[in-house]
Amino acid sequence: MRRATDPHVFRPDSYARRLSDVSLDELAAAGFRGIIVDLDNTLIGYGQDHLADVDAAWIASARERGFGVCLVSNNFNGRVTRVGSQLGVPAISSALKPLPRGFSRALAVLGTAKERTVVVGDQLFTDVLGAKFLGLHAILTEPIVAKDWLGTRVLRMLERVVLGRRP
Ligand SMILES: [Mg+2]
């Protein structure tokens, strides 16, 4: 496990504008077999219940191609499992990212090796940091909507500092 003091834990392996822009061809070519997807503002807008067709289609396409897909969210309400069952994929809520428990459980559910599993998420301090702690590949997306939970807004200010952007 990497230490929080290692600067690489704050560095995504790649970036995508949104989930559906992540190339399944490239993931397959690179040997990835498992995809862990964050829920809020990665798969679905924060506070929203409606899943965009383009994102549902991306998940369906990933499953058709044989990728294992698992949702991992810090959110604790029933929406996490509801969206998971809507998409036909396992969902882990109350994950406490960046602590490794949620991603570890997802690896067990997916049955994929760390080096063959990618995390796609919109937050540096939860999704990317949690992925890097466990040695998973991390893809950072832009949040779907600007609205965020208060705690997330604080983390975003820190993200801009770490990523070198002006607040
Ligand atoms: Mg998120």
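**Helices, a magnesium site and salt bridges**

User: Why are H5 and H6 called oblique to each other?
Analyst: Their axes cross at roughly 60°. Angles under 35 degrees count as roughly parallel, over 145 as roughly antiparallel, 65 to 115 as roughly perpendicular and the rest as oblique. H5 and H6 are therefore oblique. This is a predicted model: local features need pLDDT of at least 70, side-chain atom pairs pLDDT 80 or more, while totals for chains, interfaces and linings use all residues. Residues are numbered from 1 along each chain, and side-chain values use heavy atoms, without hydrogens and water.

User: Which residues of H5 and H6 meet?
Analyst: Leu124, Phe125 and Thr126 in H5 meet Leu155, Leu158, Glu159 and Val162 in H6. Contact means heavy atoms within 4.5 Å.

User: What makes Asp38, Asp40 and Asp122 donors of the magnesium ion?
Analyst: Donors are N, O and S atoms within 2.8 Å of the metal (3.2 Å for Na, K and Ca). These three lie 2.0 to 2.2 Å from the ion.

User: How do you know that Arg156 and Asp122 form a salt bridge?
Analyst: The rule asks for a side-chain nitrogen of Lys or Arg within 4 Å of a carboxyl oxygen of Asp or Glu. Here the closest N and O atoms are 2.4 Å apart. The pair links helix H6 to the loop between strand S5 and H5, 34 residues apart.

User: Why is Arg156 called buried?
Analyst: Buried means under 20% relative accessible area, exposed over 50%, partly exposed in between (1.4 Å probe, protein chains only). Arg156 has 9%, so it is buried. Glu159, at 8%, counts as buried too.

How values were computed: Axes fitted to C-alpha atoms, helices over the stretch in contact; angles between N-to-C directions. Helix = DSSP H or I, 4+ residues; strand = E, 2+ residues; numbered from the N terminus.
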